[in-house]
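Got the model open in your viewer? Set it to a cartoon view, keep the selection box handy, and follow along stop by stop.

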Amino acid sequence: MVMSTNDIRFIVGIIGNVLSFVLFASPMPTFRRIIKNKSVEEFHPYPYLASTMNCLMWIYYGMPFVHPHSILVVTINSVGLFMQLCYISIFFFYTGKRYRLQIVSILFGEIVGLAAAVAGTMLGLHTYASRTTVVGILATAFGICMYGSPLSIMYKVIKTKSAEFLPTTLSIACFLNGICWAIYALLKFDPYILTGNGVGALLALIQLALIVIYRNPPPKDEKPSKVELQNVV
């Protein structure tokens, strides 16, 4: 029996959910370290706060009154949202006053921003197409920000000529995740999922290229001192 496009799209979406879970789970070693040392050290909460807003926007995008038939987008981002809030809670517990105030302020701003987006689109837009366009653009912007988080590490790799700080597994997962969701978007054309994940796959491909180019670090006597880098989502 020949599978329909919708059946293939559903299977691709399931695979995308698995790969997205790998991405969302990637900070776990960082937080095991934070719990073990009872300190956030040089880590900061911004990637997890950005991922939180990203998940919130994609959950809203997948709602049946915005973009119907997007249950797989809602499921994985709901899981991702839960995981990001767990990471932020752990960070909040082990950090100092300055970061705690920032976390509360940013989360409050994200809630206000989401509420404004919901109110604006539900009260001001009355068709699926118009709501999909506005929410899709917002969700795509936050998705690209999340995928772009490793850019600081990419700069460090080029500067030190060493890829030891660039997480190979995470880069591969980012690339496969981006490709998978791009295929999902092409099977039933969705420009917003396609754009965010297409850009994400490109950024991950650049990271993989750097890993290949700088896979052999310079001798220790020529290599700059190590700088602690944060594990990114």
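## The whole chain

Start with everything visible. This is a predicted model, and the secondary structure of its protein chain comes to nine helices and zero strands. Follow the chain along its sequence and the pattern reads α-α-α-α-α-α-α-α-α. Now switch on a surface if you like: of the 233 residues in the protein chain, 45% count as buried. Contacts are worth a look too. Take those between residues at least 6 apart in sequence, and 82% of them join residues at least 24 apart.

## Stop one: a loop before H3

Select residue 38. Lys38 sits in the loop between helix H2 (28-37) and H3. Is Lys38 buried or exposed? It counts as exposed, because its relative accessibility is 61% and the cut-off for exposed is over 50%. Check the backbone here as well: phi of Lys38 is near 55°, which is a positive value in a residue other than glycine.

## Stop two: H3 against H4

Next, select residues 46-61 and 71-94, and give each stretch its own colour. These are helices H3 and H4, which pack at an angle of about 155° with their axes 8 Å apart. How do the two run relative to each other? H3 is roughly antiparallel to H4, since an angle over 145 degrees counts that way. The crossing, as H3 passes H4, is left-handed.

Turn on side chains to see who meets whom. From H3, the residues taking part include Tyr48, Leu49, Trp58 and Ile59. On the H4 side, look for Val73, Leu81, Tyr87 and Ile88, among others. Colour the contact by residue type and it divides into twelve nonpolar, seven polar and no charged residues.

## Stop three: the loop after H3

Stay in this area and select residue 69. His69 is found in the loop between H3 and H4. Its phi is near 65°, again a positive value in a residue other than glycine. With a relative accessibility of 67%, His69 counts as exposed.

## Stop four: H5 against H6

Move along to residues 97-124, which make up helix H5, and add 128-147 for helix H6. The axes of H5 and H6 come within 10 Å and cross at roughly 160°. H5 and H6 are therefore roughly antiparallel to each other. The crossing of H5 past H6 is right-handed.

Which residues make this contact? From H5, pick Ala117, Thr121 and Met122; from H6, pick Arg131, Val134, Val135 and Leu138. By type, the residues of the H5 contact with H6 divide into five nonpolar, one polar and one charged.

## Last stop: Thr121

Zoom in on residue 121 to finish. Thr121 lies in H5 and is one of the residues in the contact with H6. Is it buried or exposed? Thr121 is buried, because its relative accessible area is 3% and anything under 20% counts as buried.

Draw a distance from its side chain to the backbone oxygen of Val118, and you should get 3.2 Å. Then show the surroundings. Leaving aside neighbours within four places in sequence, Thr121 is in contact with Tyr60, Arg131, Val134 and Val135. Arg131, Val134 and Val135 are on the H6 side of the helix contact you have just looked at.

Technical notes
Residues are numbered from 1 along each chain as its sequence is written. This is a predicted model: local features need pLDDT of at least 70, side-chain atom pairs count only at pLDDT 80 or more; totals for chains, interfaces and linings use all residues. Side-chain values use heavy atoms; hydrogens and water are left out. Helices (H or I, at least four residues) and strands (E, at least two) are DSSP runs, numbered from the N terminus. Buried means under 20% relative accessible area, exposed over 50%, partly exposed in between (1.4 Å probe, protein chains only). A polar contact is a pair of N or O atoms within 3.5 Å; within protein, one must be able to donate a hydrogen and the other to accept it, and residues adjacent in sequence count only if both atoms are side-chain atoms. Contact means heavy atoms within 4.5 Å. Axes are lines fitted to C-alpha atoms, for helices over the stretch in contact, and angles run from 0 to 180 degrees between N-to-C directions. Angles under 35 degrees count as roughly parallel, over 145 as roughly antiparallel, 65 to 115 as roughly perpendicular and the rest as oblique. A crossing is left-handed if the near helix is turned anticlockwise from the far one by less than a right angle, and right-handed if clockwise. Ala, Val, Leu, Ile, Met, Phe, Trp, Tyr, Cys and Pro count as nonpolar, Asp, Glu, Lys and Arg as charged, and the others, Gly among them, as polar.
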